[in-house]
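Student: I should like to examine a structure and ask how its descriptive terms are justified.
Tutor: Certainly; let us set each value against its definition.

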Amino acid sequence: MRNRSKFTRTHDLVKLARLLGDQGIVLPVKEEQLRRLNPFAVAFRYDDMEIAPVAQEGMTSLIAEIRRWAEAEVRAATKREESYGPDEH
């Protein structure tokens, strides 16, 4: 396991990014970009707020970049697990 951060239940992407930053984990996107995604993290789950439309081309590339980063992090964690075993971190 890369760190032992305690995360509360939230859909606030900026808050989650800051928690990761406190552990030295740097996301490939800026806070402002995450702030633009925040309404979607809530609205599409609970459908209780209106969101302003955004340019699709910018969001598509932003989401693809975040996804590539997350996939690389999961691959690295999986390799560490396979190398050391689940209890040897």
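**Terms and evidence**

Student: What makes the contact between the side chains of Arg35 and Glu31 a salt bridge?
Tutor: A salt bridge requires a side-chain nitrogen of Lys or Arg within 4 Å of a carboxyl oxygen of Asp or Glu. The side chains of Arg35 and Glu31 meet at 3.2 Å, N to O, so the pair satisfies the definition. Both residues lie in helix 2, four residues apart, about one turn of the helix.

Student: What kind of model is this, and which residues are used for local features?
Tutor: The model is predicted; local features need pLDDT of at least 70, side-chain atom pairs count only at pLDDT 80 or more, and totals for chains, interfaces and linings use all residues. Residues are numbered from 1 along each chain as its sequence is written, and side-chain values use heavy atoms, with hydrogens and water left out.

Student: How confident is the prediction, and where is confidence lowest and highest?
Tutor: The predictor's confidence in each residue is expressed as pLDDT, from 0 to 100. The mean for the protein is 79, and 71% of its residues reach 70 or more. Helix 2 has the lowest confidence, with a mean of 76, and helix 1 the highest, at 90. Where pLDDT is low, the predicted coordinates should not be read in detail.

Student: Which elements does the protein contain?
Tutor: There are three helices and zero strands, in the order α-α-α from the N terminus. These are DSSP runs numbered from the N terminus: helices are H or I, at least four residues, and strands are E, at least two.

Student: Why is Arg35 called partly exposed?
Tutor: Buried means under 20% relative accessible area, exposed over 50%, and partly exposed in between (1.4 Å probe, protein chains only). Arg35 has a relative accessible area of 37%, so Arg35 is partly exposed. Glu31, at 32%, is partly exposed as well.

Student: What other salt bridges involve Glu31 or Arg35?
Tutor: Glu31 also pairs with Arg18, at 2.8 Å, N to O. That pair links distant parts of the chain, with Glu31 in helix 2 and Arg18 in helix 1, 13 residues apart. Arg35 also pairs with Glu32, at 3.1 Å, N to O; being three residues apart in helix 2, Glu32 and Arg35 are separated by about one helical turn. Arg18, Glu31, Glu32 and Arg35 are thus linked in a network of salt bridges. A search of the whole structure finds four salt bridges.

Student: What makes the set containing Leu62 a nonpolar core?
Tutor: A nonpolar core is a set of buried Ala, Val, Leu, Ile, Met, Phe, Trp, Tyr and Cys residues joined through side-chain atoms within 4.5 Å. The largest such core has seven residues: Val14, Ala17, Val29, Leu34, Leu37, Met59 and Leu62. Helix 1 (13-22), helix 2 (31-46) and helix 3 (56-84) each give two or more residues to this core.

Student: Which residues does Leu62 touch?
Tutor: Contact means heavy atoms within 4.5 Å. Not counting residues up to four places away in sequence, Leu62 touches Val29, Gln33 and Leu37.
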